[in-house]
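Biologist: I am new to this structure and would like to be led through it step by step. Could we take it one question at a time, with the reasoning spelled out before each answer?

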Amino acid sequence: MSSGKRPLVVCLLLLMVLPGTWPSAILAGSLEKQTHELAAELRCPVCQNLSVADSPSEMAIQMREIIIEKLKNGESPEQVRGYFVSRYGEWILLAPTRRGFNWLAWLLPFVAILGGAGIIVLTIRRAIKRGHGPNADASRPLDPRYASRLEAELKESER
């Protein structure tokens, strides 16, 4: 083979090899990403404050392997999520589904914040109406004993 054809042969070999490896690398990356995303949505039954993605427990490792296996078998993320919900109940989901009674869990924090802000506004308005606002004491006359003592001390400090 002449030296002028070597780069061409190398390029042809790379073109033959790369298309076979890129899709599998891309799929492996997406499978890994899907597994991590699904595991991040599931609660670890052992470490209940951690997701399956973050938990170091043996149970979480097994659950991640099940997720990978099910995704490799062609199941959709919804099917995998449904598998764990059917097995453990909705408790296994870190975020409750947005339907039925679960809407209360999604809306209650916002209602509490709005209610708290409303109570603060009403309290401030009432305080202003009663004259207990920040400048309410400025218009009130001083006690004559303190007023005379204050004047005496001011005169003394001016000397």
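Biologist: Which residue's side chain meets that of Arg81 in a salt bridge?

Modeller: Please keep in mind throughout that this is a predicted model. Here a salt bridge requires a side-chain nitrogen of Lys or Arg within 4 Å of a carboxyl oxygen of Asp or Glu, and the pair in question has its N and O atoms at 2.6 Å. The partner that meets Arg81 in this way is Glu41.

Biologist: Which parts of the chain does that pair tie together, and how many residues apart in sequence are they?

Modeller: Arg81 belongs to helix H3, which covers residues 77-88, while Glu41 belongs to helix H1. Because the two residues sit in these two helices, the salt bridge ties together parts of the chain whose separation in sequence is 40 residues.

Biologist: Are Arg81 and Glu41 buried, partly exposed or exposed?

Modeller: A residue is called buried under 20% relative accessible area and exposed over 50%, with partly exposed in between. Arg81 has a relative accessibility of 22% and so counts as partly exposed. Glu41, with a relative accessible area of 34%, is likewise partly exposed.

Biologist: Leaving aside neighbours within four places in sequence, which residues is Glu41 in contact with?

Modeller: Contact here means heavy atoms within 4.5 Å. Leucine 94 is one of the partners, and although Glu41 and Leu94 are 53 residues apart in sequence, their C-alpha atoms are 5.6 Å apart in space. With neighbours within four places set aside, the residues in contact with Glu41 are Arg81, Ile92, Leu93 and Leu94.

Biologist: Where does Ser51 lie, and is it buried or exposed?

Modeller: Ser51 is found in the loop that runs between helix H1 (6-41) and helix H2 (58-72). Beyond its neighbours within four places in sequence, Ser51 has contacts with Ala39, Ala40, Leu42, Arg43, Cys44 and Leu94. Its relative accessibility is 6%, and because this is under the 20% limit, Ser51 counts as buried.

Biologist: What separates the C-alpha atoms of Glu32 and Ile68?

Modeller: Glu32 is placed in helix H1, and at 61% relative accessibility Glu32 counts as exposed. Along the chain, Glu32 and Ile68 are 36 residues apart, yet the separation of their C-alpha atoms is 7.8 Å.

Biologist: How many salt bridges does the count come to, and how far apart are the closest N and O atoms of Lys70 and Glu75?

Modeller: By the rule already given, the count comes to four salt bridges. In the one between Lys70 and Glu75, Lys70 counts as buried at 17% relative accessibility, whereas Glu75 counts as partly exposed at 25%. The closest N and O atoms of Lys70 and Glu75 are apart by 3.6 Å.

Biologist: By about how much of a helix are Glu153 and Arg149 separated?

Modeller: The side chains of Glu153 and Arg149 meet in a salt bridge, with N to O at 3.3 Å. Glu153 is partly exposed, having a relative accessible area of 45%, and Arg149 counts as exposed at 54% relative accessibility. Because Glu153 and Arg149 are four residues apart in helix H5 (residues 144-158), their separation is about one helical turn.

Biologist: Which residues form the positive surface patch?

Modeller: One of its members is Arg126, which is placed in helix H4 (residues 103-130). At 54% relative accessibility, Arg126 counts as exposed. The positive surface patch is formed by Arg125, Arg126, Lys129 and Arg130.

Biologist: About what area does the nonpolar surface patch have?

Modeller: Its residues are Phe101, Trp103, Leu104, Leu107, Leu108, Phe110 and Val111. Among them, Trp103 is found in helix H4, and with a relative accessible area of 39% Trp103 is partly exposed. The nonpolar surface patch has an area of about 770 Å².

Biologist: Turning to the protein chain as a whole, how many helices and strands are there, and what percentage of the residues count as buried?

Modeller: From the N terminus on, the elements run α-α-α-α-α, which fits the five helices and zero strands of the protein chain. The accessible surface comes to about 12600 Å², and 63% of that belongs to carbon and sulfur atoms. Of the 159 residues, the part that counts as buried is 14%.

Note on methods:
Residues are numbered from 1 along each chain as its sequence is written. This is a predicted model: local features need pLDDT of at least 70, side-chain atom pairs count only at pLDDT 80 or more; totals for chains, interfaces and linings use all residues. Side-chain values use heavy atoms; hydrogens and water are left out. Patches are made of residues with over 30% relative accessible area and no salt bridge: like charges are joined within 9 Å, nonpolar side chains (Val, Leu, Ile, Met, Phe, Trp, Tyr) within 5 Å. Accessible areas come from the Shrake-Rupley method with a 1.4 Å probe; for residues, only the protein chains shown count as cover. Lys and Arg count as positive and Asp and Glu as negative; His and the chain ends are not counted. The place of a charge is taken as NZ of Lys, CZ of Arg, CG of Asp or CD of Glu. Buried means under 20% relative accessible area, exposed over 50%, partly exposed in between (1.4 Å probe, protein chains only).
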